[in-house]
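I opened this notebook to record what I looked up in one structure, entry by entry. The entries follow the order in which I made the look-ups.

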Amino acid sequence: MSPALPDGDPAPADGALPASAAEGAQGRAFGVYLHVPFCAVRCGYCDFNTYTATELGGGASLAAYAGTALSEVALADRVLRAAGLPPREVATVFVGGGTPTLLPVDDLVRMLDGVRDTWGLAPGAEVTTEANPDSVTPDGLARLAAAGVTRVSFGMQSAVPHVLRTLERTHDPDRIPDVVRWARDAGLRVSLDLIYGTPGESLDDWRRSLDAALATGVDHVSAYALVVEPGTRMAVQVRRGELTLPDEDDQATKYELADDLLTAAGLHWYEVSNWARTPADASRHNLGYWRGDDWWGIGPGAHSHVGGVRWWNVKHPRAYADRLGRGLSPAAGREVVDGATAELERVMLRVRIAEGLLVDDLPAGARPAVAGLVADGLVDPRAALGGDGPRRVVLTRRGRLLADAVVRALTV
C-alpha cells in the first residue's frame with residue numbers, strides 16, 4: 001500500500017496555475033521527474049507508488065505508458081505557457097520508480113526525447129535513470145547513454161544475501177561490479193544506493209556492503225536508514241514479531257561507519273544521506289529539491305513544484321491515464337507554499353546540504369539559536385563564525401544525526 005496523498009486544495013481540471021507562480025519561478029532552475037511505476041516484484045519494505053509490470057492494462061500498461069506520460073509533458077507545456085512562464089531549458093531529468101529500466105529502452109528514449117523536444121535540455125544537463133542491477137544489459141546502457149542519459153543510480157541496497165532476502169530484493173549481489181563496469185564503459189556516471197538498518201543486519205554485514213560498494217570505484221553513494229512504513233508487508237512482519245527492528249543507537253552507529261569509510265575513500269557528504277567524490281559527481285537533480293528549485297513531476301502520484309505552488313497527481317496509473325485520455329490534468333490536489341510553511345521548508349531542506357544555510361537568511365529571532373547549536377556540537381563553529389566567507393549553518397556529523405532538532409531550534 002503506497003502512502004496517502006497529502007491534504008490540499010482541489011486542483012483545477014485544466015491544471016492552470018495561479019498568477020503568483022510566474023513571479024515565484026523567477027531565477028529558479030527547472031527540472032523534470034519522470035515516474036515509472038513498474039517493478040518486476042514489489043519488495044516488502046517498499047511504500048512507493050509502484051505496481052508489478054503485468055497487473056495494469058490500457059493506457060496504464062507497461063506497453064502504453066510512455067505515450068501516456070508524454071501526454072502529461074504536453075499538458076505541462078500548455079499550463080506553463082498559459083501561466084506566463086516562458087519556456088525554460090531543463091537543467092536536470094530524473095527517471096525514477098519503480099524500476100524505469102523495466103520499460104524498453106526505446107520507450108525511455110522516447111520519453112527523454114519528448115522532454116527535449118518540448119523544453120530543450122540546458123547545456124551540460126544531468127539526465128539520471130534509476131535501475132535495478134538485474135534490469136540492465138551492456139547494450140541497453142550504451143543506448144541510453146547515446147540518447148542523452150548521463151547518470152545511472154543502481155539500487156544495490158546490500159551486498160549480503162540474507163539482508164537482501166529480508167528486503168525481498170531479487171538481484172544477485174555479485175552482479176554489482178559488472179553493472180557498474182557496463183555503465184562506466186558506456187560513459188555514464190554511476191551511483192549506488194544502499195539501505196542500512198534492515199532487521200537482522202549486523203554491523204559487520206553493513207561494513208561488508210560498504211566495502212563492496214567502494215570496491216567498484218563508484219563516485220557517488222547514497223545510504224538511507226530503513227524506515228518501515230505502515231501498510232507494507234514488512235510492517236506486518238514487525239507487528240507479528242517475525243522481524244525485529246534495530247534501535248536508534250544501531251542506526252546511528254551504522255551511519256557513522258558509513259561516513260567514516262566513505263570519507264576515507266575520498267567521497268564527501270554533500271547531503272545528509274549522500275556522498276560524492278567531487279561536486280560534479282553529486283546529484284544535481286536532488287540538489288534542486290533541497291535548494292527549492294522548480295520541477296514538474298510526470299506520472300501517477302508524482303509531485304511538482306513551480307513558483308511556490310506544489311501539487312500531486314492521482315496515485316493509481318489507471319486514474320492517471322484516464323484523466324489524461326480525457327484531456328484533463330492528472331493533479332489530485334495542490335497548495336500554495338508561503339509564509340511560515342515556506343520558511344520551515346526552506347530551513348528544513350537547506351540545512352541538510354553541506355553548503356548549509358546562510359545565518360543572515362534566518363529570521364532575526366532565530367539567529368541567537370545558532371550559538372546554542374554550536375555549543376551542543378550540532379553546527380560547525382567555523383562555518384557559523386564565517387571562517388570561510390558568509391556565516392552559515394552547516395551540520396556537524398552529530399548534527400546530521402539530529403537534523404530534526406536543528407530545524408526545530410531554527411524555526412520556533
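**Entry 1. Thr129**

I located Thr129 in strand S6, which spans residues 121-131. The model is a predicted one, and every value I note here is computed from it. I asked whether Thr129 is buried or exposed. Its relative accessible area is 4%, and because the limit for buried is under 20%, Thr129 counts as buried. I then listed its contacts, leaving aside neighbours within four places in sequence. Thr129 is in contact with Val95, Pro100 and Thr101, and also with Leu144, Val149, Arg151, Val152 and Ser153.

**Entry 2. Aromatic pairs**

I searched the whole structure for aromatic pairs and obtained eight. I wrote down two of these pairs in detail.

Tyr33 and Phe94 form a stacked pair, with 6.3 Å from centre to centre and 20° between the planes. The angle fits the class, because planes under 30 degrees apart count as stacked. Tyr33 belongs to strand S2 (residues 30-36) and Phe94 to strand S5 (residues 90-97), so the pair ties together parts that are 61 residues apart in sequence. I checked both partners for burial. Tyr33 is buried at a relative accessible area of 15%, and Phe94 is buried at 8%.

Phe38 and Tyr65 form an edge-to-face pair, with 5.5 Å from centre to centre and 90° between the planes. This pair links distant parts of the chain: Phe38 is in strand S3 (residues 38-39) and Tyr65 in helix H2 (residues 65-82), 27 residues apart. Phe38 has 0% relative accessibility and so counts as buried. Tyr65, at 1%, counts as buried as well.

**Entry 3. Helix H16 and Val351**

Which residues of helix H16 (residues 403-411) are buried? I noted Ala403, Val406, Val407 and Leu410. Seen down the axis of H16, these buried residues fall within an arc of 100°, so they line one face of the helix. Asp404 and Arg408, on the other side of H16, are exposed.

I next asked what the buried residues of H16 pack against. Their partners are helix H12 (339-350), helix H13 (369-375), strand S17 (392-393) and helix H15 (397-401).

I then turned to Val351, which sits in the loop between H12 and strand S16 (357-358). Val351 is at 0% relative accessibility and therefore counts as buried. With neighbours within four places in sequence left aside, Val351 is in contact with Leu357, Val393, Leu395, Val407 and Leu410. Val407 and Leu410 are among the buried residues of H16. I also took one distance from Val351: its C-alpha atom is separated by 23 Å from that of Phe94, 257 residues apart along the chain.

**Entry 4. The second largest pocket and Ser283**

I looked up the second largest pocket, which holds about 200 Å³ of space. Its lining comprises 13 residues, and the closest to the centre are Trp269, Tyr270, Pro279, Ala282 and Leu287. Strand S10 (268-271) and helix H10 (284-291) are the elements that give two or more residues to this lining. Which of the elements gives the largest share of the lining? I found S10 to do so, with three residues. By class, the lining has eight nonpolar, two polar and three charged residues.

I followed this with Ser283, placed in the loop between strand S11 (274-276) and H10. Ser283 counts as buried because its relative accessibility is 1%. Residues up to four places away in sequence not being counted, Ser283 touches Glu126, Arg151, His220 and Tyr270. Two of these names recur in my notes: Arg151 is also a contact of Thr129, and Tyr270 is one of the residues closest to the centre of the second largest pocket.

**Entry 5. Ala159**

My last look-up was Ala159, in the loop between strand S7 (151-157) and helix H5 (161-167). I asked how buried or exposed this residue is. Ala159 has 10% relative accessibility, which means that it counts as buried. Without residues up to four places away in sequence, Ala159 touches Pro173, Arg208, Ser209 and Ala212. I also noted the C-alpha separation between Ala159 and Arg175: 9.9 Å, with the two residues 16 apart along the chain.

How values were computed
Residues are numbered from 1 along each chain as its sequence is written. This is a predicted model: local features need pLDDT of at least 70, side-chain atom pairs count only at pLDDT 80 or more; totals for chains, interfaces and linings use all residues. Side-chain values use heavy atoms; hydrogens and water are left out. On a 1 Å grid over the protein atoms alone, a cavity is a set of points where a 1.4 Å probe fits but cannot get out, and a pocket is an open set with protein on both sides within 12 Å along at least five of seven lines; lining residues have an atom within 4 Å of a point. Grid points are joined across faces, edges and corners, and a volume is the space filled by probe spheres set on the points. Helices (H or I, at least four residues) and strands (E, at least two) are DSSP runs, numbered from the N terminus. Ala, Val, Leu, Ile, Met, Phe, Trp, Tyr, Cys and Pro count as nonpolar, Asp, Glu, Lys and Arg as charged, and the others, Gly among them, as polar. Buried means under 20% relative accessible area, exposed over 50%, partly exposed in between (1.4 Å probe, protein chains only). Contact means heavy atoms within 4.5 Å. Rings of Phe, Tyr and Trp (its six-membered ring) pair if their centres lie within 6.5 Å; planes under 30 degrees apart count as stacked, over 60 as edge-to-face and the rest as tilted. The arc is that of the directions from the helix axis to the C-beta atoms.
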